[in-house]
Structure formats: structure tokens, C-alpha cells
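Welcome! Here are a few short exercises to help you find your way around a new structure. Take a look at it, try each task, and then follow the solution step by step.

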Amino acid sequence: MRFTDESHQITLDSDFETGSAGPVRIVDGVYEIAPQPEPVSPWFTAALEEHFGGAGVPREYACHVRVTSSATTDQRIRLRFFFSETNGNRYMDPPYWILRDERWWPMGAGATRFVSEEHVELDIDVPARGAVHVANKPYVSGGDVASEMESLAQVGPFEIEQIGVTEKDRPLLSLSSTRADGSYADDTILIGATMQPAEPAARPVLAVAHALNDGSALSKRLLERYRFVLIPLPNPDGTAEGRSCTNGCGQVPMFSFGRLLAGEDDVPKETAALWRHAEALRPAAYIEFHTHYQVSRSHKLNPMGADWFDVERHADLERVNEALLSTNLDWRVTPIERTTPLCEAGKFTNLADRFGTLAYCYQIYCISEEATAWHAATVSMTLARALAGDEWAAETPSPVIVPG
Ligand SMILES: [Zn+2]
């Protein structure tokens, strides 16, 4: 999308990575922006119709435009982002975000007028001959994620692996930890971002690697005990195209694992690559972060119900559940059971069912990128420590202390 208002020398566009917008028009001096249409596969529409009466799993909840001015004076403009019926309740709640000096900032309440389920109006200061980005989440491009992964591999015990390619030939990358001697630990903890690009979780997932590289007793011991495999960008096409839940080909990779395992058609390459990777790792635990950058609701956890697991696994499940639940004072928690609609379509059920993986879906509700990243790291370290067990924790050696 590209739209120019000659009289104010203002251009709006979404022709860049993570850009997301439909047609623009000016009404009474306000730039009205429609959502980017996000078609989905017919089987998915039918499944939503059957299980949720057409609701559930929102789409078209990404918006991200660049506003460029060629005027010689500063201007204040008003944007109005329209919501669609598929946005879903509460997905569009403020704050909205502005990118200045290459950093995202949440916009203040004074510049935001939010009309639930209809639209939001945002007042933006556009500097003379300058540009600002405005979005509903702090989106990060695939290039920036890859750069951060390369930096982590240079400064910490991490390796980058290409685990496949997307439908549009972008690489799918993982970051894998090694022990001090360069080997892989036998047991794996897999940590992934949601395949919904409108819940950008790449930085929070990579925050786990930063936490593991902090030189603490816990990190050093966990790196010897587990191989941590991080997948910060599991749907890079969707991220690049500013999609909400699809990969840009109308496919919904997060709900295609069941189709892959049932040998059905219309399975995205992303889903197949991530499943083959998980199959090779057979992770002891998997946690997937969904990020909202809002505080309108409590954090949410979906653990697997106990009857997905053999009895020998139940003590591990209870210990990890208890440790995770101790991280927050208020929660929304719903276990994934065999009766949960569409549960066979996603990754959690299939990992638990086939490999005994303790799989968790975790929805983070805090505003800043930093708080969200801190929370993801805290939760992941808590999970790993609990999975390692009390005996392991008790074996912590005394610190080596020298004068200094
Ligand atoms: Zn989500």
C-alpha cells in the first residue's frame, strides 16, 4: 500500500518488511486506513465455523504504516485504523506504538482514542522531512532477528541452524545451546515464538539466550544439563508481510500439524520443517510464547492435561506446573484436554502425545518489550530448573571466591 496526500506532502505506505495496511482515504482531514485483507484456507474457515461459530483465532489484527513527510515544517496528523470483524475481542486494545530513532515506544493515552471493536485514532507528530512508523505492536523484521541471533552465537555458547525454508524460500532458523566443551546436552528444552506474526515474540524468545549467557550459577549449570533450542521466528513470511496468523499464502501454519501427521494436503512448509525438527529433538519440554504488549488481562497458561502422559511422567508434570504457576499472583489457566476443540491441529498435543513432551502455551501480558523479554526469560529459567528437579538443584556447588 502507498498513498500520497500532495497538499500536506505526506505519504503513507506499508511497502517494507512487517508493513501491514489496506487501502487509505482521507475523510475530514483524517487518514483512514483499512486492515490488510488476510484470506485463509477454506478448511480453516470451516473448522472455525464448526468449533467456534466462526469466531476464535482472530486474523487481520496487524497494522503497521510508515508516515513520511517531505514538508519543510513539523506537522501533527491523525490516523484512524479500522478493525475488522475478525480482529477478535481485546486483540486491538491500546497501547499503540511509534518507532522513533529505531526504537519502539508505546503511545500515551492522550494521543490515543480507542473505540472497542470499531477503530482507533492516533495523533502523530511528523517531523519536517522525517518519517515515523506507527503500529499496533512493536514489530521486528526478520533481518533484525537474524542479526541478534548472529550476535548471540558470537558472544555465547550458541549455534545457528537452518531447519528448513518457508513457502517463499526464507530460511527457518534455530539457536541451539552447547555445553562448555562444545557438545550438546542429551535432553532438550524447546522454546518457540507463536507462528502468529501479530504477536511478535522473537525478542522475548531470544531473551532466554541472553539470560542463559549471564554467567550465573543457575545459567552455567542449566547449560550443562539441557540443550536449549530457541525458535524466535517460526513464520518469517507472515512476519515480513505483516500478517496476523497466516504465512502470506493463506495457510495457517500453527494449526496444520494435525494435517501433516494425518497425511492431508495444504500443509505449509513451515509446519513440516518445524515438526521434523521437533521429531529429531524429541524435547523434554516445549514452551511457546504469545505476546500481547497489553495489560488488559492476566497472563495465561495452557498446560497439557495429565492424561496425555504416562504415569511415570506425572511427577515431572506436577512439579513443572507448580513452579510455573508460582511465577504470577493472578492467572488465566486452562489445560489442553482431549476434548479441547482443534487440539489435534496444533503442536502442543502432538508433542505431548508422541514424545511425552511437557508442552505449554504461555500468553504474556505486559507492555514494554523489555518487561515481556524479562518475563519470558524468567518463565523459561523457572521451567528448566523445575524440570531438572530438586535433587539437581541441591547439587549446586559452593562458589569459588577469590579476593577482588
Ligand atoms: Zn496467540
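**Exercise 1: a pair of strands**

This is a predicted model. Find how strands β1 and β2 run relative to each other, parallel or antiparallel, and how many bridges join them.

*Solution.* Start with residues 2-5, which make up β1, and then go to residues 10-13, which make up β2. The two strands run antiparallel and are joined by four bridges. Within this pairing, D5 sits opposite I10 of β2. Now look at the connection: four residues lie between the strands, and together β1 and β2 form a hairpin. In its turn, Q9 has a positive phi of about 55°.

**Exercise 2: two residues with positive phi**

D28 and Y293 each have a positive phi without being glycine. Decide for D28 whether it is buried or exposed, and do the same for Y293.

*Solution.* Begin with D28, in the loop between β3 (24-27) and β4 (30-33). Its phi is near 50°. Next, count the surroundings: 7 other C-beta atoms lie within 10 Å of D28. A residue counts as exposed with 12 or fewer, so D28 is exposed.

Then turn to Y293, in the loop between β16 (285-291) and β17 (300-303). Phi of Y293 is near 50°. Here the count within 10 Å is 24 other C-beta atoms. The cut-off for a buried residue is 20 or more, so Y293 is buried.

**Exercise 3: the edges of a sheet**

Look at the open sheet of five strands with the order β3-β4-β6-β10-β9. Which strands stand at its edges, and why is one side of each left without a neighbour in the sheet?

*Solution.* Read the order from end to end: β3, β4, β6, β10, β9, with mixed pairing. β3 and β9 (112-115) are the edge strands; each has a single partner strand, so one side of each has no neighbour in the sheet. On average, neighbouring strands here are turned by 25° against each other, ignoring direction.

Now step inside the sheet. β6 (75-82) and β10 (residues 119-126) run antiparallel, with eight bridges joining them. One example to locate is I77, whose bridge partner in β10 is I124.

**Exercise 4: an unusual peptide bond**

Is the peptide bond from P94 to P95 cis or trans?

*Solution.* First find P95 in the loop between β6 and β7 (97-100). Then check omega for the bond from P94 to P95: it is near 10°, and the bond is cis.

Definitions and conventions. Residues are numbered from 1 along each chain as its sequence is written. This is a predicted model: local features need pLDDT of at least 70, side-chain atom pairs count only at pLDDT 80 or more; totals for chains, interfaces and linings use all residues. Two strands pair if DSSP finds at least two bridges between them. Axes are lines fitted to C-alpha atoms, for helices over the stretch in contact, and angles run from 0 to 180 degrees between N-to-C directions.
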